[in-house]
There are 4 protein chains.
Amino acid sequence: MMYSLTDRSVSESPAGEHHTLESPARRKDIPPQRRRQILDAARELFAQGGYHGVTVEAIAERVGVSKGNIYWYFKSKQEIFQLLFDDIVEKLFLPLAGALEGEAPAVEKLRALARYTLDAAEKEENVEALHFMWQIGVQPELHKLLPSDYSHWVSPFIEHLTPLFEEMGDATPEGAAQLYLIMLDACWFVGALRPDFYDREAIMAAIEDKFLNPGRRQDA
Amino acid sequence: MMYSLTDRSVSESPAGEHHTLESPARRKDIPPQRRRQILDAARELFAQGGYHGVTVEAIAERVGVSKGNIYWYFKSKQEIFQLLFDDIVEKLFLPLAGALEGEAPAVEKLRALARYTLDAAEKEENVEALHFMWQIGVQPELHKLLPSDYSHWVSPFIEHLTPLFEEMGDATPEGAAQLYLIMLDACWFVGALRPDFYDREAIMAAIEDKFLNPGRRQDA
Amino acid sequence: MMYSLTDRSVSESPAGEHHTLESPARRKDIPPQRRRQILDAARELFAQGGYHGVTVEAIAERVGVSKGNIYWYFKSKQEIFQLLFDDIVEKLFLPLAGALEGEAPAVEKLRALARYTLDAAEKEENVEALHFMWQIGVQPELHKLLPSDYSHWVSPFIEHLTPLFEEMGDATPEGAAQLYLIMLDACWFVGALRPDFYDREAIMAAIEDKFLNPGRRQDA
Amino acid sequence: MMYSLTDRSVSESPAGEHHTLESPARRKDIPPQRRRQILDAARELFAQGGYHGVTVEAIAERVGVSKGNIYWYFKSKQEIFQLLFDDIVEKLFLPLAGALEGEAPAVEKLRALARYTLDAAEKEENVEALHFMWQIGVQPELHKLLPSDYSHWVSPFIEHLTPLFEEMGDATPEGAAQLYLIMLDACWFVGALRPDFYDREAIMAAIEDKFLNPGRRQDA
DNA sequence: CATGAATGAGGTTTCATTCAT
DNA sequence: TATGAATGAAACCTCATTCAT
């Protein structure tokens, strides 16, 4: 079975109802600006310290409100965490999946995927988000806190990539697909955590040379 | 400046004395069996839940001893964490660095590095260790708990790899070095966290094809 | 060197910042009522059981609040102890020192000192405070917990008293000064700990007769 | 009612049986040298840190034995404390009481009492013992741990002293008696805790001058 | 006698959460 | 909305005591 990559089914969580970022359950809606501030602060802190390493007090302090106030906007620390997760999936993962759809030739799709990934890794605003996601990827215990199945979001990609490498005449299409994904994944990681030895141009060139240069075999 | 990769300077920690795994402060040594049990249980749990997600009580329970007994063998939760870190660095990172030393040709060294990495990723016993290390990589806050500087162990590799790709006549040696490292790093990650879509042979074949096949350029 | 007896330098503690009784770090100020209750309860208990003999739980119980709530008002058990110490020094020791200043004749100063001391020993509210201070005087280990040097508060007195006895023409001024101080000290002790055999009038009469009766020598 | 000062009824404690210092219950008896070492170490430590401020581990460490071994010689920390109390009462308080018995004139008895007290305050070996006793005097909570009633040992003195001052023709015999006792008490305190401003000769001279010089009135 | 090991109660402190105002 | 205050569970750690060897 092959999942659609852009099918948005996060919200039908088995863990029960949880709200979108912008429309709280208990409130009218117009000035939920404070809501955003809290979520932003929480993302920053979670990215650095992990779920258990961050206290509600710390989030409140960073926003500049009282601890109690947090609970007017969100019903628990866990809910904040879930909302952030969903938000990031939507903003970061879904567009990425979009790069693979459409009618472009395989090499273009793969190139677009790489470009999108490397671009995202560099944007200041994404660094925290990526950090955040790695926390979750790395701590299976946290999956219990999440509204949707984490692996649900990663698995499908591999199935989409293999045919593309086949189409390109790659000698080892399945391995290439895995490696490609792993590599892009890791580029995010490295871009986020160790920007000092992350050189976008050099890496993109290497990717072009090693994965996206269909000519090299023809030259032989 | 280029660090030696096998220089074992972890123990000269700025955080002060901490003991090696086998010669604790309070124990003579003959049956350090219980000690091992505790460390093993702790590694398992830390790998799943992260430092803050694991309680000393949980560790004790898994070993089947009382909470207080843990403190007979270790002076704090943090000490356990540090000892595990050092142990893993020694058992996993140092041998990896060893693969790059000696007089073999560049391609052999790079192949050895990849083989060692992929092998390690598969060994059941390493999975937890890798999990554990990613926790730390991903939570900068935890670095404060560690006896030695975390980045100290990762940075030097990049400097060692570039000349090897140059020696191989690679078109983009620096980018290749970065990519190679990132990719192997990520193989560990994927092997540990998502063994379901980790196919060692396919990946190794792709690596051979894309990074270690010097012939393709000569053919052109 | 002779310290000024009323120089208030307690707060410039080497142990770092700690707040006065009335202006804590976390509290605005209006109803510091609970704060006072806690401090009062703590003083009572410390006076009976000593620092290590009293648990935070016990303090909370006596006030009728939860253990956790104590930590909303104070950051640690030790801080409570320090604040009590400072408070008592200010309320009990400093006024005592004040009795020795000014231009009155020696005999008046000494009499005032004795009166103040005996009065203080009788006031119900001071009993605990004196108890409290003796705990500290008697347990050198506790000095480490204190914000200022304990002996700093006692030593200077002796130097102030000797000249007064000289001025009175006492036959053994230095011994008298020591004895006088020791005696008053002990009056506090006895008044606090063994009120059953503490007779203020009898003692004051004896003090007048033995220390403050300059006429007896002139009669000779 | 007037207690006899030398009546040795400590051991008939209401708290139940407890053994003398030299003859343990569970052991033959010959080499209870280790017992002494433990008691000595305990006294030293208790004198500094109070009952609750000292751990059995600390006592064991100072003696150089294992914690468990302490429990071969004594059945509990409390028992050690009790034994030390009894020992000190016997060695320090009882001889003091002895000074008041016999047929000597009042002034000689009072002088002997003062001499004994001041001597005891100076002997190195008594400093800890006095420290120890003050701990107890100052922490009413500890009285519960003791085998006999603490006040039992102090109260009788006052009744013995008043007649002596009467016999001397003192103007305020009861006050004098109280003050005398208080003062000597405090001399111990000061001698033990603040030896720096304790000058035995000066104090003894002042005592002679103020309390024991019956001639001054005759001079008048 | 002596020790290393183990236990469990209890100590200090933290923290998610609630609630009155 | 927002806060200060309060709670109670649970976290880390200590320590008196026991026990097998």
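The legends below describe close-up views of a predicted model.

**View 1. Protein surface around DNA strand F in the predicted model.**
There are 34 residues around DNA strand F, and those that come nearest are Y73(A), Y71(B), K77(B), W72(C) and Y73(C). Of the strand F atoms within 4 Å of the protein, 71% belong to sugar or phosphate, and the rest belong to bases. By class, the residues of this surface divide into 12 nonpolar, 12 polar and 10 charged.

**View 2. Polar contacts to phosphate oxygens of DNA strand F from V56(B), N69(C) and Y71(D).**
V56(B) takes part through a polar backbone atom, 2.9 Å from a phosphate oxygen of the strand. N69(C) uses a polar side-chain atom, which lies 3.3 Å from a phosphate oxygen of strand F. For Y71(D), a polar side-chain atom lies 2.8 Å from a phosphate oxygen of strand F. The elements that give two or more residues to the surface near the strand are helix 3 (67-73) of chain A, helix 3 (67-73) of chain B, helix 3 (67-73) of chain C and helix 3 (67-73) of chain D. Helix 3 of chain C supplies the largest share, five residues.

**View 3. Packing of helix 5 against helix 9 in chain B.**
Helix 5 (residues 106-122) of chain B packs on helix 9 (residues 200-211) of chain B at an angle of about 165°, and the axes are 11 Å apart. Because angles over 145 degrees count as roughly antiparallel, helix 5 of chain B is roughly antiparallel to helix 9 of chain B. The crossing of these two helices is right-handed. Helix 5 of chain B contributes R111(B), A114(B), R115(B), L118(B), D119(B) and E122(B) to the contact, and helix 9 of chain B contributes R200(B), I203(B), M204(B), I207(B) and E208(B). The contact residues comprise five nonpolar, no polar and six charged.

**View 4. Packing of helix 4 against helix 6 in chain C.**
Helix 4 (residues 77-98) of chain C and helix 6 (residues 124-138) of chain C pack at an angle of about 115°, with axes 10 Å apart. Their crossing is left-handed. From helix 4 of chain C, F81(C), L84(C), F85(C), I88(C), V89(C), L92(C) and F93(C) meet N126(C), A129(C), L130(C), F132(C), M133(C) and I136(C) of helix 6 of chain C. This contact has 12 nonpolar residues, one polar residue and no charged residues.

**View 5. Packing of helix 1 against helix 4 in chain C.**
Helix 1 (residues 33-49) of chain C meets helix 4 of chain C at an angle of about 85°, with the axes 10 Å apart. At that angle, helix 1 of chain C is roughly perpendicular to helix 4 of chain C. R35(C), R36(C), I38(C), L39(C), A42(C), R43(C) and F46(C) of helix 1 of chain C meet K77(C), I80(C), F81(C), L83(C), L84(C), D87(C) and I88(C) of helix 4 of chain C. Here the classes are nine nonpolar, no polar and five charged residues.

Definitions and conventions: Residues numbered from 1 in each chain as written. Chains lettered and ligands numbered in written order. Predicted model: local features only at pLDDT ≥ 70, side-chain atom pairs only at ≥ 80, totals over all residues. Heavy atoms only, no water. Axes fitted to C-alpha atoms, helices over the stretch in contact; angles between N-to-C directions. Helix = DSSP H or I, 4+ residues; strand = E, 2+ residues; numbered from the N terminus. Parallel < 35°, antiparallel > 145°, perpendicular 65-115°, else oblique. Left-handed = near helix turned anticlockwise from the far one by under 90°. Contact = heavy atoms within 4.5 Å. Nonpolar A, V, L, I, M, F, W, Y, C, P; charged D, E, K, R; others polar. Near = heavy atom within 4 Å. Polar contact = N/O pair within 3.5 Å; in protein donor to acceptor, adjacent residues only side chain to side chain.
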